[in-house]
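Here is a reading note to go with the structure shown below. Please keep the viewer open while you work through the points, and look for each element as it is named.

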Amino acid sequence: MAADTVIGTGLVRHGGRKFSDYLVFNTDHKVIGIQYLVLAFTFFIIGGLLAELIRAQLAAPNNQVVTGSQYNLVLTLHGTIMIFLWIIPAFVGAANYVVPIMIGANDMAFPRLNAVSFWLLVPGGLLMLASFAVGGAESGWTAYPPLSVTTPVGQTLWALALQFIGFSSIFGAINFLVTVFNLRAPGMSLTRMPLLAWAIVATSLIILLGTPVLSGVLLLLIFQRLLGAQFFTPAGGGNPLLWQNLFWFYSHPAVYIMILPGFGIISEVLPVFARKPIFGYKLIAFSSMAIAVFGFLVWAHHMFTSGMDPFLRVPFMVTSMIIAVPTGVKIFSWLATIWAGKLRFTTSMMFALAFISMFVIGGLSGIFLASVPIDIHVQDTYFVVAHLHYVLFGGSVMSLFAGLYLWYPKITGRMLDEKLGHLHFWLTFMGFNLTFFPQHLAGLQGMPRRVYTYAPEFWALNLISSLGAFLMAIAVLPFLYNALRSLVAGRVAGPNPWRAFGLEWTLSSPPPIHNFPTPPVVEGDPYGYGERPVPGTTVAPAPGVAGGE
Amino acid sequence: MTHHNTHNPASSGAPVFDNTGKLAAIIIGVLAVVAGVVVGTANPILRGATSSQGAQIDTLFSLFLGIAAAIFVIVQGFLLFSIVRFARTPEDEGDGVPLRGNTKLEIFWTAVPALIVVFLAIYSYRVLADIDQPRPDQMVVEVTGRQYAWEFYYPDYDIKTSELHIPLGRQVLLKITSADVNHAFWIPQMRIKKDAMGGKITTANITATEPGTYPIVCAELCGAGHAVMRSQAVVEAEPGFQTWVQAQIGAKQRAAAAPADPKALGRQLYNQYGCNACHKLADANAVGLVGPALDGIGSRAANVVPGQSAEEYIRTSIVKPTAYITPNYQPVMPGDYGQRMSEAEIQALVQYLLEQK
C-alpha cells in the first residue's frame with residue numbers, strides 16, 4: 001500500500017495497480033504509455049546533460065573540458081539519444097496513452113505486441129548507454145562511413161542499439177495503423193477522427209516504409225565492421241555515398257516521424273484553449289498525408305555538397321521546397337483557429353503558441369537549406385544546427401510539453417501547478433532562443449558544426465549559446481518538481497478539467513482499466529466548441545460578452 | 001461555412017473579421033512588405049563574399065531573407081495580435097465563434113506559398129546553373145583531404161603545398177578527393193563547399209574576386225581533429241601568384257639539387273608536408289596554432305620523454321605522434337607521415353628541427 005501513496009490516488013485504476021506494475025511487462029496501453037513517457041523523459045535528461053557538456057566545451061575557444069575524441073562521442077550520443085530515445089518514443093508514449101481512448105477503443109489492437117515494442121527499447125537504451133561507456137561511437141548520429149567503419153567498438157554497440165529501437169518502432173507503427181483503422185467506436189468516421197489520430201496514421205506509414213531501410217543499412221554497417229564486408233569503402237569496391245542515400249532515405253522522413261505527432265498534438269490543444277473548432281480540418285488531415293508522401297522524395301537535399309550527380313540536385317531542390325506548402329497550410333490553419341477565439345493561456349496553450357512561433361523559424365530556415373546554391377555555403381554549419389533545433393526543439397519538444405500539460409490531469413487524475421508550469425515555459429522559451437538563434441549567424445559567418453573548438457571571432461555568439469543552454473537546463477527543474485509533486489499534492493482533476501471535447505474527457509481521470517465500460521457513441525468530431533455543449537459538463541456556454549466587440 | 005450554433009448565442013452577433021481585425025491585417029501586411037524589402041535589401045548577415053559565385057549566392061540569400069522576413073512578420077504578427085486581442089476576459093466562460101473553415105482562404109494560403117516556392121526554386125536553379133559553368137582559362141588544383149590536413153597539388157607546375165594559392169579573377173577547377181574518411185572542403189568567405197571522398201573526385205569551380213587570405217575549413221566530421229583541420233587560401237593578382245609559383249618551384253629545385261643545404265631542404269619539407277599549418281616556427285614563417293610551437297625545439301627535445309634522445313623524440317613525434325602528447329594539446333596529428341615521407345625526408349626534417357635552438 002505504501003507504493004500506492006508514492007504514485008498517488010489515480011494511477012491505481014490503470015492496469016498498473018501498484019508502483020511495481022510499471023516496472024514489468026504489462027499490456028494495458030495506458031501503463032505502456034506511461035512506461036514510454038518515463039523512459040523517454042529519463043533519456044531527455046541524459047541527452048540534455050550531454051548537450052550541457054557540449055555547451056561547456058564551446059563556452060570559449062580552445063576550452064579543455066573534453067578532448068576532440070570525447071567531444072565527438074558526446075555529440076554523437078546527444079543526437080542519437082534525443083532523436084531515438086526521447087522525441088520518437090515520447091510521442092509514441094503519448095499516442096499510446098491517448099489515441100486508443102480518443103478513437104473509442106479499449107486498448108491497442110495488439111496489446112502484447114505493444115508491450116514488446118516498449119520492452120525492445122530497454123535493451124536498445126542499455127546498449128546505447130554501453131556504447132557511451134565503452135566509447136567509440138564518434139561519427140555523429142549520421143555515422144557516415146568510412147569514419148564509422150574505423151571508429152572503435154562502441155560504434156558497433158551503437159548500431160545494435162538502433163536495431164532494437166528500430167524494431168520497436170516498426171512494431172509500434174503496425175499496431176497504431178491496425179488500431180486506428182479497425183478499433184474506432186461506432187460513429188467515428190475517418191473525418192470525425194481527432195487530428196492526432198490522422199497524424200499518427202501518417203507517422204506510422206512513414207515508419208513502416210522508412211525504418212526497415214535504416215535497419216537494413218545498419219546491418220550493412222555491422223557486417224562491414226564485424227565481418228570485413230566492403231559496402232562503403234572504395235578500396236574494396238564499396239561506395240560511401242551508398243550509406244548516405246540509404247541513411248537519408250530513412251532519416252529525412254524521420255524528421256516527419258518526429259514532427260507530425262507534434263502537429264497532431266497542436267491541433268488538439270489549440271481548439272480546447274481557444275474555445276473554437278479547428279480551422280480547416282480536412283486540409284490539415286490531408287496535409288499530414290501529403291507530408292508523409294513527399295517526405296520520401298526529398299532525402300538527397302542532405303547531400304547537395306556530396307559527390308551526387310549535380311543535375312539530380314535540381315529535382316530534390318524542388319521537392320524540398322514544395323514540402324513547405326503543406327506545412328504552411330497547417331500554420332495558417334492554426335492561426336485561423338485562434339483568431340476570434342477566447343484564448344486561455346494555460347501552460348499547455350503557451351507551449352502550443354510557442355510551437356507555432358518557433359516552428360515557423362525552423363520552417364523558414366529549411367527553405368534556405370533546400371536551395372542548392374545557398375546550401376553549398378550553409379551545409380554542415382551551425383546554420384543547420386540552428387535549423388534542426390528550431391524544428392526538433394522549437395517544434396517537437398514544445399509540442400510534447402503542450403501535450404503533457406494537456407493530458408497530465410487525464411493520466412494522473414491530478415492537476416499540474418500552473419505557476420510552476422509558466423515558469424517552466426518562460427525559462428525554456430528564453431533559454432531556447434538564446435541558445436539557438438545565435439547559431440544561425442555563427443554558421444553563416446563560417447563556423448562548421450561538430451567542432452570542439454572554433455576561431456576566436458565566434459566567441460561571443462557561442463558564449464550566448466552556452467548561457468542559453470544553461471537556462472534550458474534550469475528550466476527542467478520546475479517541471480520535474482511539478483510533475484512529481486502534483487502526483488500526490490495536485491488538485492484533483494475530475495474527468496474533464498478543461499471542459500474539452502474528445503472521448504478521453506468523457507472518462508474518469510485516470511480512465512478505468514478497459515477504458516469504456518459501455519461502447520461510446522460518437523456524434524461529431526471533437527472540435528464542436530461554440531456549436532454544441534461539451535458532453536458531461538453542466539456549464540453551458542455562457543451568453544454575454546461577444547468577443548469584446 | 002459557419003455551422004449552426006444554436007447552443008451558443010454568445011457568438012452569433014460577433015463579426016469574425018471586424019474593423020479592428022481588418023486594420024490589424026492591413027498593418028501586419030504593410031509591416032511584412034516593409035520588413036521584406038528592408039531586410040532583403042540590407043541583408044546584414046550574409047554579405048561581402050570574395051568570389052564571383054559567392055556574390056551570386058549572397059544575392060540569392062538576400063532574396064530568400066526578404067521573403068522569409070515578410071512571412072515571419074505575417075505569422076508572428078497575427079499570432080501576437082490574436083494573443084492580445086482574443087485573450088478571454090476573466091468572467092467569460094463562453095466559446096469563440098465556431099468557424100470550421102473557409103474554402104477561398106484555404107485555397108489562397110495553399111496556392112500563394114506554392115507559387116513563392118516555385119519562384120524560389122526556379123531562381124535558385126538559374127544561380128546554380130550559372131555558378132557551375134566552367135570557363136575556358138581554368139587552372140586545375142588537386143585537393144586531397146586527410147586526417148587532419150589539406151594538401152594541394154598544381155599539375156601545371158608540379159608543386160605540392162599545404163596552403164592554397166590562387167590568382168585573382170582566374171577560374172580555378174578544384175578536383176577534390178580524400179586519402180581516408182569523408183571531409184568537406186569549405187572556404188566560407190568564397191561560399192564554396194564540396195565533400196572530399198575516398199575513391200571519388202568531386203569538382204568545384206571557383207573564381208576569386210578579392211585579394212586576401214581566407215580560412216579553409218573542414219565541414220564534414222572526420223575524427224578527433226576535425227575542428228583543427230584548417231588551412232588557408234591566399235588570393236593575389238596574377239603577377240604575385242606567378243612569383244609565388246616560381247618561388248615554390250625554386251625551393252623544390254634547390255632542395256633537390258643542393259642537398260648540401262639541409263636547412264633549405266628542411267624548411268621546404270616543413271611547409272610542403274603541412275607542418276606549418278599547425279606548428280608555429282619562426283624560421284619557416286609558420287604561424288599555426290593547433291599544435292605546440294617548435295621554436296627552440298632542438299634545445300628542449302632531449303628533456304621531454306625520459307630515456308629518449310632529442311633525435312629519437314623528434315623522430316617519434318613525426319612518425320608516431322600519439323606516443324607522447326604535449327600537455328594541453330589534443331592527439332590530432334596525422335599518423336601517416338611515416339608512410340608518406342621517404343626515410344631521407346624524415347631524416348632531413350629531424351635534422352632541421354634539431355637545429356632549431
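The points below take up the nonpolar core, the contact between the chains, the domains of chain B and one of its sheets.

1. The coordinates come from a predicted model, and the statements in this note should be read with that in mind.

2. The largest nonpolar core has 287 residues, and those with the most contacts inside it include Ala197(A), Val269(A), Leu335(A) and, from chain B, Phe64(B). Helix 3 of chain A, which spans residues 68-102, gives the most to this core, with 23 residues. As background, nonpolar side chains tend to be buried together in soluble globular proteins.

3. Ala402(A) is another of the residues with the most contacts inside that core, and it is a useful place to zoom in. Leaving aside residues up to four places away in sequence, Ala402(A) touches Ile265(A), Ile266(A) and Val269(A), and also Ser348(A), Phe351(A), Ala352(A) and Phe355(A).

4. How many residues of chain A are in contact with chain B? There are 83 of them, and they meet 86 residues of chain B. On the side of chain A that touches chain B, helix 11 (residues 324-338) gives the most, with 8 residues, and the residues of that side divide into 50 nonpolar, 24 polar and 9 charged.

5. Chain B is divided into domain 1 (18-86 + 99-131), domain 2 (139-244) and domain 3 (258-354). Between domain 1 of chain B and domain 3 of chain B, the distance from one C-alpha centre to the other is 55 Å.

6. In chain B, 5 strands form an open sheet with mixed pairing, in the order 3-2-1-5-8. Strand 3 (159-161) and strand 8 of chain B stand at the edges and have a single partner strand each, so one side of each is left without a neighbour in the sheet. From one strand to the next, the twist averages 25°.

7. Why is strand 5 of chain B, residues 171-178, described as largely enclosed by the rest of the structure? The reason is that 6 of its 8 residues are buried. Strand 5 of chain B pairs with strand 1 (residues 139-146) of chain B in the parallel sense over 7 bridges, and Thr177(B) in strand 5 stands opposite Thr144(B). Strand 5 of chain B is also joined by 6 bridges to strand 8 (residues 202-207) of chain B, with the two running antiparallel; here Leu174(B) has Ala204(B) as its bridge partner.

8. Strand 2 (residues 149-154) of chain B runs antiparallel to strand 3 of chain B, and 3 bridges join them, with Ile159(B) in strand 3 as the bridge partner of Tyr154(B).

Terms used. Residues numbered from 1 in each chain as written. Chains lettered and ligands numbered in written order. Predicted model: local features only at pLDDT ≥ 70, side-chain atom pairs only at ≥ 80, totals over all residues. Core = buried A, V, L, I, M, F, W, Y, C linked by C-beta atoms within 7 Å. Buried ≥ 20, exposed ≤ 12 C-beta atoms within 10 Å, placed from the backbone. Helix = DSSP H or I, 4+ residues; strand = E, 2+ residues; numbered from the N terminus. Contact = placed C-beta atoms within 7 Å. Nonpolar A, V, L, I, M, F, W, Y, C, P; charged D, E, K, R; others polar. Domains from an automatic or database assignment. Pairing = 2+ DSSP bridges. Axes fitted to C-alpha atoms, helices over the stretch in contact; angles between N-to-C directions.
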